[in-house]
Amino acid sequence: MKGLNISVLVKPVPDPGCYESIQIDPQTGILVREGLPNILNPADKHALEAALQLVEQHSGRVVMVSMAPPNALETVKEGLAMGADEAWLLSDRAFAGADTLATSRVLAAGIKKLGLCDLVLAGSESADGGTAHVPSQVGEILGISHLTNVTWLNIDTDANVRARMKMENGYIEVEGALPMVIGVSRGMNVPRYTSLPGILAAQDKPVKVLGLNNLGLDPGSVGLAGSPTQPGKLSRPELKRQGERLEGEPAELAKRIVAIMRSSGVLS
Amino acid sequence: MEKKQVIWVIIEQVQGKTAAVSLEVLGKACQLAAEAANAQVVAVALGSAIGPLAQQLPKHGADKVFLVDDPRLELYQNDTYSSVLRRLIERERPDVVLIGASASGEELAPTLAAQLGTGLAAHCTNLRLAADGTLTMLVPAFGGQVIGEIFCPVQRPQMATIKPGVFSPVGLAERTGEIVQEDGASLLYDAEIRLRATRLVVEEPPGMPIEQADVIVAGGWGIGSRENWRLLEELAKEFNGAVGCTRPALDQGWTGGEHTMIGSSGKTVRPKLYLGAGISGAAHHMVGIKDSGVIISVNRDKTAPIFQFSDYCVAADFRDVLPELLAQIRRAKH
């Protein structure tokens, strides 16, 4: 095996620290997400870290692939600063409103366009939608094997893959061979910080923007039109409770809590 | 008369034991079948030497069971499981396919949906089935801040995953159902197996599993140290309960591990009593405890959002209240 060509799928997402401020417009019923700062999806940084470590071990090249609007470029640059060699932004109005399957078709087309790719890595799930569908669906569309929720990964010089897939209590060990798509769990590694030299180097790294026509996709297969699922109404979950305030000194408060525990049947 | 709707539930088993989430989903399927008045619930079980397990499924709500018993299916692996299920789905054409969002279900469901070119809604918090067969799937987004309706208007089957702890199983001791034994050899070809699951390593975490505990003491960022965290552990121990945590506390390394994290990216729990300390009350945590019996929260900050979602609000320092509470509980028990 002569070096690894790795694609890392990344997604700019609204900063999870700001999700509390997300509102639904009462008139239109549409999500108000303007002004929310975007970050690189946290799990994707773990995928990128895994890619960088593999390239340090085997040599090769790391290209980030993202389906996002053109203004996502700034967010994607953080990955270039971490050490990715190049970024491909798949951007087209026709991609808007895509569900995970329509998104995966675009990402798979981008990977095919890249040509030689031994390994595709992605964060197992995104912070915003959190479906965890994309790694498996990209694998299916590319017609190569795939695994997700991977916590440990080893690739030898003959392109054999050994991986651990997280289960509820423990893991399953799986063996296979490249090419493969792997969804990386956040437990796999600790992503590196960006350094000043990294940030400076990122300015000169190649960034390509590709649209529907560059990718040779049928407009009916992407975006909202190409999505088998369609969204309906949005609502806020109703979580509110009575909220009786307990007041007093610690001993008095503890006494009240003990009484509540008794009446709820957990303490005799 | 409208066509009879058919709802499939894919049963997950580990070492011949049915996963709790599969029975929960089967319970929900029964409810949907009743809603749609004219629907059939079918359980589909894959594995090796799992006959006894399949026999139990009618008691949990299955009108019919497809059983695929094959040594190659002993351990879950997406090539093998998706090949078998895809062929069965193409042959039987169910209207709805439901899968538990366990670690393996989270991989199996999107794999199958992509193979079938159909729609999949992830981590549904509720489902509704209309008499015309339209499934409304409610999914959380942005860590549970928003709930959206999802439909799959054209493609079939309509597919959804459901996290553990969201629905309740049903027990129907008298119920019987048809068990259909399928032939593994005609549903799975060796040539299409690209990955090999070599072994399952079970690492049973110590202590009471959080999804089974009657009492959960949960802590967040505000707990401040590993040392303070022990207070939560001692308190939980008094009830044979469990300690839960938020993502920030997990990231600090104070907690029992990821299996104790509660919320949209962790566990959904419904204890009789939940006591939260040092937790601000971000929606992505609160959605995981919303079905708890009693919610008590302790937070120094009188304006902490968690107080809006609690039955009892204690605006005080947990370092003052919890040691006193622990002492009083110990006295009460003697």
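Me: In which hand, left-handed or right-handed, does α1(A) pass α2(A) in its crossing?
Reply: In this predicted model, the two helices to compare are α1, residues 42-58 of chain A, and α2, residues 73-82 of chain A. When the way in which α1(A) passes α2(A) is worked out, the crossing turns out to be right-handed.

Me: How are α1(A) and α2(A) directed with respect to each other, roughly parallel or roughly antiparallel?
Reply: The axes of α1(A) and α2(A) come within 10 Å and cross at roughly 30°. Angles under 35 degrees count as roughly parallel, and therefore the two helices are described as roughly parallel.

Me: Which residues of α2(A) make the contact with α1(A)?
Reply: On the side of α1(A), the contact is made by Lys45(A), Leu48(A), Glu49(A) and Leu52(A). Taken by class, the residues of this contact divide into three nonpolar, one polar and three charged. The partners that α2(A) supplies are Glu78(A), Gly79(A) and Met82(A).

Me: How many residues apart are Glu56(A) and Arg192(A), the pair that links distant parts of the chain?
Reply: These two residues form a salt bridge, in which the closest N and O atoms are 2.9 Å apart. Glu56(A) belongs to helix α1 of chain A, whereas Arg192(A) sits in the loop between β12 and α5 of that chain. Along the sequence, the separation of Glu56(A) and Arg192(A) is 136 residues.

Me: How many salt bridges are counted between chain A and chain B?
Reply: Over all chains, the count comes to 32 salt bridges. One salt bridge that joins the chains has the side chain of Asp311(B) meeting that of Arg241(A), at 2.7 Å from N to O. Between chain A and chain B, the count is four.

Me: What area is buried between chain A and chain B?
Reply: The contact takes 72 residues from chain A and 87 residues from chain B. Within chain A, the residues that lose the most area to chain B are Asn169(A), Leu239(A) and Arg241(A), which together give 11% of what that side buries. Carbon and sulfur atoms give 60% of the buried area, and the area itself is about 6,800 Å².

Me: How are α7(A) and α9(B) set to each other, roughly parallel or oblique?
Reply: Helix α7 covers residues 250-263 of chain A and helix α9 covers residues 318-333 of chain B, and they pack with their axes 8 Å apart, at an angle of about 55°. Because of that angle, α7(A) counts with respect to α9(B) as oblique.

Me: How many nonpolar residues does the contact of α7(A) with α9(B) have?
Reply: α7(A) passes α9(B) in a right-handed crossing. Among the residues that make the contact are Leu253(A), Ile257(A) and Met261(A) of α7(A), together with Val321(B), Leu325(B) and Ile329(B) of α9(B). By class, the contact of α7(A) with α9(B) has one polar and four charged residues, while the number of nonpolar residues is eleven.

Me: At what angle do α3(B) and α4(B) pack?
Reply: Helix α3 is made of residues 78-92 of chain B and helix α4 of residues 105-116 of chain B, and their axes lie 10 Å apart. The angle makes α3(B) oblique to α4(B), and its value is about 50°.

Me: Leaving aside its neighbours within four places in sequence, with which residues is Arg86(B) in contact?
Reply: Arg86(B) lies in helix α3 of chain B, and it is one of the residues with which α3(B) meets α4(B). By contrast, Arg247(B) lies 36 Å from Arg86(B), C-alpha to C-alpha, and 161 residues away in sequence. With the neighbours within four places in sequence left aside, the contacts of Arg86(B) are Leu112(B), Gln115(B), Leu116(B) and Glu192(B).

Me: Which residue does a cis peptide bond join to Arg156(B)?
Reply: In chain A, a cis peptide bond joins Leu178(A) and Pro179(A), with omega about 0°, and Pro179(A) is placed in the loop between β11 and β12 of chain A. In chain B, the residue to look for is in the loop between β10 and β11. There a cis peptide bond, with omega about 0°, joins Arg156(B) to Pro157(B).

Notes:
Residues numbered from 1 in each chain as written. Chains lettered and ligands numbered in written order. Predicted model: local features only at pLDDT ≥ 70, side-chain atom pairs only at ≥ 80, totals over all residues. Heavy atoms only, no water. Axes fitted to C-alpha atoms, helices over the stretch in contact; angles between N-to-C directions. Helix = DSSP H or I, 4+ residues; strand = E, 2+ residues; numbered from the N terminus. Parallel < 35°, antiparallel > 145°, perpendicular 65-115°, else oblique. Contact = heavy atoms within 4.5 Å. Buried area = accessible area lost by both parts, 1.4 Å probe. Left-handed = near helix turned anticlockwise from the far one by under 90°. Nonpolar A, V, L, I, M, F, W, Y, C, P; charged D, E, K, R; others polar.
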